[in-house]
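Reader: I'd like to practise reading features off a model. Could you walk me through a few of them?

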Amino acid sequence: MKIVVLIKKTPNTEAKIEPTPDGKSLNFASVKFITNPYDEFAVEEAIKVATQVGNSEVVAVSFSDDAAKDLVLKALAMGADRGLIIGNEGLENLDSLAIAKVLAKVCQDEKADLIFCGKQGIDDDNMHVGVMVAELLGRPHINVVSKLEVQGQEATVFREIEGGQLEKYKVKLPAVIGASKSLNVPRYTSLPGIMKAKKKPLDKKTVDDIGLNKASLLAVSKTQVLAYTLPKAKPAGKVFKGKPPEVMVAEVVKLLRQEAKVL
Amino acid sequence: MKVLVFIEQREGKIKQHAKEALSCASLLASSDVYGVCLGKVDADSLAQIKRYGAQTIYSISDEGLLGYNCLNYAQALCEAIKNLSPDLVLGIASPLGKDLFARLSARLEAGLLTDLVEVSVSNSQIKGAKPMYAGKTLAQVGFSSDSGLRLVTIRPNVFEAHEKSGESSHEELKVALPGSEDLKLLEIIKGSHQETDLAEASRIISGGRALASEANFKILRDCALTIGASVGASRAAVDSGYASHDMQVGQTGKTVNPSLYIACGISGSIQHMAGMRTSKVIVSVNTDEEAPILAISDYAIVGDLFQVVPLLTEEFKKLHS
């Protein structure tokens, strides 16, 4: 089985995210980048499924700059077989749909039977790309997946929806699976794994190499960020301390009713 | 500007947030607003939604739309769009809405802005604002073209729902669905806890590592019941196994936007605060006066949550008597 896993480079979750002075972009000067946390669950699941069905290849793909090499190497160290970076130079501001076109083309060329990605990027929080890749390939997707069982050319998939409920689907492969945190626990990379990863194939290609071109991708991009701002600061609130708890609680509940009017 | 609002239903009941989407559409397009509902809808639910300003509510109640199937839903909504030629299709950024609109965007090659907390139209130019990085920054976003079909989902609980005078008409649309065998919804497995998802909840009470065990979350659930709140958790509590992941609030959990958020024993990591800072009113209960969460709290109680939360429960009960 050919399995493609899509990974994205994102700032780490502790990072302070600040707009540049002109507000046109974000200041990443002192930000450490990591694999999008949800993509780690995707990599883990891809390797798990490959091991389980046997005779499989896992290809880790990122549409990114050279810094994504570390992310792809990590996926290889976890157990992916091959890496591919499609360079995004001059295409950093493409929207989700244009990015999905690039990744869908890769999945098509790879003749993927199963495609994994994280349920969303923790940067723009859109939940777009995986779903769009599936649509562009004319295949089903199931996003926010907490459990997956592959049986031959089919899979049983559990999707998390509101209120802790699960939708249980039967899907014919190929399909795109968006990983939720509850899907698995990603393995640690071992030292032998890291050594092996360095010997695994890691290709770098341009969009032209895969038969697309920059101009048409820029034309396909239909949305844009005009400016970034910080969320409004909250005015200082009221602090209750040093009184008996029942007194403080009564005061706060009164204020919630009369001042804040939320009860 | 003609706006088509996607009206979401689950098991025949229209989601409350659909009213917010219709009211938002009325602000943008005045009276040129239409609704479309996929699946079978209860008569009561339909009667209610008719009071929110749409000219006509269309429904497509094919068997293939009873539960959510992304292929059937995308097909049906595409047909409705082809029939009605809106400039903007507006939905709610719920689990279903986000999923469906992404599919639709790729199918129709239409730009999509997701989870907007502000949206405006001027001279047919649509702009909005959207939290990114779980709310650490707010992005001003727009479309590269001021014409053609555009897609937007809005965040639940942000836009106010207003009843309007008059009543929408109702029409059934007949659509041929592909009947694909590629994807089948087999069943919906009920959750063990609350029905309202955190991302859509209007009241949330959350617990952190200070809860110290899964069993202790009961005091939060008891308190939540008295005010119809949903129960959330910090990442620390989830990682310690005290709460399930769908309860996690923050950057690798859910971004929430309730009118009331009560944080119990949560110190306030940057990731947690990013996910809940837009809550209208924040109450925190913490033994540590220096905890970062106090800085964004409207009301902070410095005290032991095991004493304070049961007292809150008692006070909330009094509100009903």
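**Reading the model, feature by feature**

Author: Let's start with one residue: Lys2(A) sits in strand 1 (residues 2–6) of chain A. Keep in mind that this is a predicted model.

Reader: Is Lys2(A) buried or exposed?

Author: Buried means under 20% relative accessible area. Lys2(A) has 19%, so it counts as buried.

Reader: Which residues does Lys2(A) touch, leaving aside those up to four places away in sequence?

Author: With those left out, Lys2(A) is in contact with Glu57(A), Val59(A), Arg82(A), Glu110(A), Lys111(A), Ala112(A), Asp113(A) and Leu114(A).

Reader: And chain A as a whole? What are its helix and strand counts, and what share of its residues is buried?

Author: Chain A has seven helices and 13 strands. Of its 263 residues, 54% count as buried. Its C-alpha atoms fill a box of roughly 65 × 45 × 40 Å along the principal axes. As for contacts in chain A with a separation of 6 or more, 70% of them come from residues 24 or more positions apart.

Reader: Now aromatics. How do I read a pair of rings?

Author: The general idea is that you describe a pair of aromatic rings by the distance of the centres and the angle of the planes. Over all chains, this structure holds four aromatic pairs. One of them joins Tyr38(A) and Phe41(A): the centres are 6.4 Å apart, the planes are at 45°, and the pair is tilted.

Reader: How far apart are Tyr38(A) and Phe41(A) along helix 1 of chain A?

Author: Three residues apart in helix 1 (residues 37–53), so about one helical turn separates them.

Reader: Are those two rings' residues buried or exposed?

Author: Tyr38(A) counts as buried, at 1% relative accessibility. Phe41(A) counts as buried too, at 11%.

Reader: Last one: what do I look at when two helices pack?

Author: Generally, the angle between their axes and the distance between the axes. Here, take helix 4 (residues 129–137) of chain A and helix 4 (residues 95–108) of chain B: they pack at about 45°, with axes 8 Å apart. These two helices are therefore oblique to each other, and helix 4 of chain A passes helix 4 of chain B in a right-handed crossing.

Reader: Which residues meet there?

Author: From helix 4 of chain A, Val131(A), Met132(A), Ala134(A), Glu135(A) and Leu136(A); from helix 4 of chain B, Asp99(B), Ala102(B), Arg103(B), Ser105(B), Ala106(B) and Arg107(B). By type, the residues of this contact come to six nonpolar, one polar and four charged.

Notes:
Residues are numbered from 1 along each chain as its sequence is written. Chains are lettered from A and ligands numbered from 1 in the order in which they are written. This is a predicted model: local features need pLDDT of at least 70, side-chain atom pairs count only at pLDDT 80 or more; totals for chains, interfaces and linings use all residues. Side-chain values use heavy atoms; hydrogens and water are left out. Axes are lines fitted to C-alpha atoms, for helices over the stretch in contact, and angles run from 0 to 180 degrees between N-to-C directions. Helices (H or I, at least four residues) and strands (E, at least two) are DSSP runs, numbered from the N terminus. Angles under 35 degrees count as roughly parallel, over 145 as roughly antiparallel, 65 to 115 as roughly perpendicular and the rest as oblique. A crossing is left-handed if the near helix is turned anticlockwise from the far one by less than a right angle, and right-handed if clockwise. Contact means heavy atoms within 4.5 Å. Ala, Val, Leu, Ile, Met, Phe, Trp, Tyr, Cys and Pro count as nonpolar, Asp, Glu, Lys and Arg as charged, and the others, Gly among them, as polar. Rings of Phe, Tyr and Trp (its six-membered ring) pair if their centres lie within 6.5 Å; planes under 30 degrees apart count as stacked, over 60 as edge-to-face and the rest as tilted. Buried means under 20% relative accessible area, exposed over 50%, partly exposed in between (1.4 Å probe, protein chains only).
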